[in-house]
Amino acid sequence: MASILQCMQCGQQYPIMQVIYNCETCGGLLDVQHDLTALRSTVSQELFDQRLGTLDAPYNSGVWRFKELIYPDVEDRHIASRPEGNTNLYHTPRLAEWAGLHTLYLKHEGENPTGSFKDRGMTTGVTQARALGMKRAACASTGNTSASLAAYTAWTDMEGIVFFQDQQIAMGKLAQAIAYGATAVQINADFDRNLELVREVSLSLGIYVLNSVNPFRLEGQKTIMFEMLQQLRWQVPDWIVCPGGNLGNSSAFGKGLFELCQLGLIDRMPRLAIIQAEGANPLYRSYQNNLGGYEPVHADTVATAIKIGNPVNYAKAVRALQWTNGVVEQVSDQEIMDAKALIDRQGIGCEPASACSLAGLRKLIEKGIIRHDETVVGILTGHLLKDPDATIHYHNNQIAGIDAQYPNKLHHAGASVEELTRILDTPVKA
Ligand code: F0G
């Protein structure tokens, strides 16, 4: 049986080629549902391991290497791949020590072609747009989705359309969307309102929506888990820690891990810890309330990527938490920026939202929820260069309300050997 679209709430099914984002019967979110029974005899760890290192498309992509679990029946000619994925999994003993545990890995999704994990979902989303014969695709974005959409639509000769909020766009992301040639619109509204607008406008103009409400996006993002497990030789870590904004990624992780378990490719589920910024924490508040629904909040955080108050994937994230016996934590902007400075100092680097993973991990260890002897994989979602202002302002101690704990101050010198010697003779801090 070929893949279908299925409502996660009422089970209503739709053909895979129908352009639809919510169930017509109950309004629930849709899943791309594969025939797991048939796949059981087709896929294996060995199949995916054999494809590692190949130069041949599409299996040279860290997404399409797992094609059978993503979109088995799609024709290769529709696949829009850069290729993406194949990101590093860093073993980080110094950060592990700081957080308070023995074994920490960081999977750096900022190493994707446009510098964030969004490329994994965009390759599948734009592939489906091509299979459908769409000419235009749009998204509302805090920045990274727009950069990715702009790149993948340019690559495949489609028109990309991106809606930005009016404030706090990280410059790297804005620059990418413009440079890749998307039709970029800055709107006098926040992300949550822009998402409503893009859906309304796209419906009336026949434009394909590529926000994470589109279930094909999440199919690609599942591969962060698949690739990480492959890098760990299929040994399941105890915990996955990731930031949560619109909750697409965490939803995708839950679905991907669940499917691997169903297929017998892993024998147990890791636990998922979703970390939100204190100023954009509807899931965290709901978690405090036993996940019985959520109230949208007016979002505000230095981590602009996750400045989201009304997450569309809430229901799928709750399902992921249930499947993985997961937890939700929140961290302050101070905690986010200090954790980011430490990740940056390892020579790895990330954008502010990504640092939720490390900041949240430390908190969960302090609370005794994650144990010192457990193995943890943190997800870094975006590249350091996405938001240069945040980094520079932190090190200059210029972010209101944040007292930088790990600043690396820029020195200034006249063009003289004496002045340079004075600076360089000062002992370097450890
Ligand atoms: N980290 C980064 C760097 C992001 O760009 C995003 C989301 C997230 C984390 C949160 O992921 O929404 O799946 O929970 N950025 C979106 C955007 C919303 O428009 O680029 P999520």
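In this predicted model, six strands make up an open sheet of mixed pairing, with the strand order S4-S5-S13-S10-S11-S12. Strand S4 (89-91) and strand S12 (327-331) lie at the edges, each pairing on one side only. From one strand to the next, the twist averages 25°.

Within this sheet, strand S5 (residues 103-108) and strand S13 (residues 375-380) run parallel and are joined by six bridges. Thr103 has Thr375 as its bridge partner in S13. Helix H15 (residues 356-366) packs on the sheet, where the helix touches S5, strand S10 (239-243), strand S11 (271-277), S12 and S13. The direction of H15 makes about 110° with that of S12.

The chain as a whole contains 17 helices and 13 strands. Its radius of gyration is 21 Å, close to the 22 Å that the globule rule gives for 430 residues, so the chain is as compact as a globular protein of that length. The C-alpha trace spans about 75 × 50 × 45 Å along its principal axes.

Two cavities of 30 Å³ or more are present in the structure. Their volumes and the classes of their lining residues are set out below.

| Cavity | Volume | Nonpolar lining residues | Polar lining residues | Charged lining residues |
|---|---|---|---|---|
| Largest cavity | about 320 Å³ | nine | 13 | three |
| Second largest cavity | about 40 Å³ | eight | two | none |

The largest cavity is lined by 25 residues, and those closest to its centre are Phe117, Lys118, Asn246, Ala305 and Ile306. Two or more residues of this lining come from each of strand S6 (136-141), helix H6 (144-155), helix H9 (215-221) and helix H11 (248-262). By class, the lining of the largest cavity holds 13 polar residues together with nine nonpolar and three charged ones.

The second largest cavity, with a volume of about 40 Å³, has a lining made up of Leu5, Gln18, Val19, Ile20, Tyr21, Leu132, Tyr208, Asn214, Pro215 and Phe216. Eight of these lining residues are nonpolar and two are polar, while no charged residue takes part.

Methods:
Residues are numbered from 1 along each chain as its sequence is written. This is a predicted model: local features need pLDDT of at least 70, side-chain atom pairs count only at pLDDT 80 or more; totals for chains, interfaces and linings use all residues. Side-chain values use heavy atoms; hydrogens and water are left out. Two strands pair if DSSP finds at least two bridges between them. Helices (H or I, at least four residues) and strands (E, at least two) are DSSP runs, numbered from the N terminus. Axes are lines fitted to C-alpha atoms, for helices over the stretch in contact, and angles run from 0 to 180 degrees between N-to-C directions. Contact means heavy atoms within 4.5 Å. On a 1 Å grid over the protein atoms alone, a cavity is a set of points where a 1.4 Å probe fits but cannot get out, and a pocket is an open set with protein on both sides within 12 Å along at least five of seven lines; lining residues have an atom within 4 Å of a point. Grid points are joined across faces, edges and corners, and a volume is the space filled by probe spheres set on the points. Ala, Val, Leu, Ile, Met, Phe, Trp, Tyr, Cys and Pro count as nonpolar, Asp, Glu, Lys and Arg as charged, and the others, Gly among them, as polar. The radius of gyration is taken over C-alpha atoms; the globule rule is 2.2 Å times the number of residues to the power 0.38.
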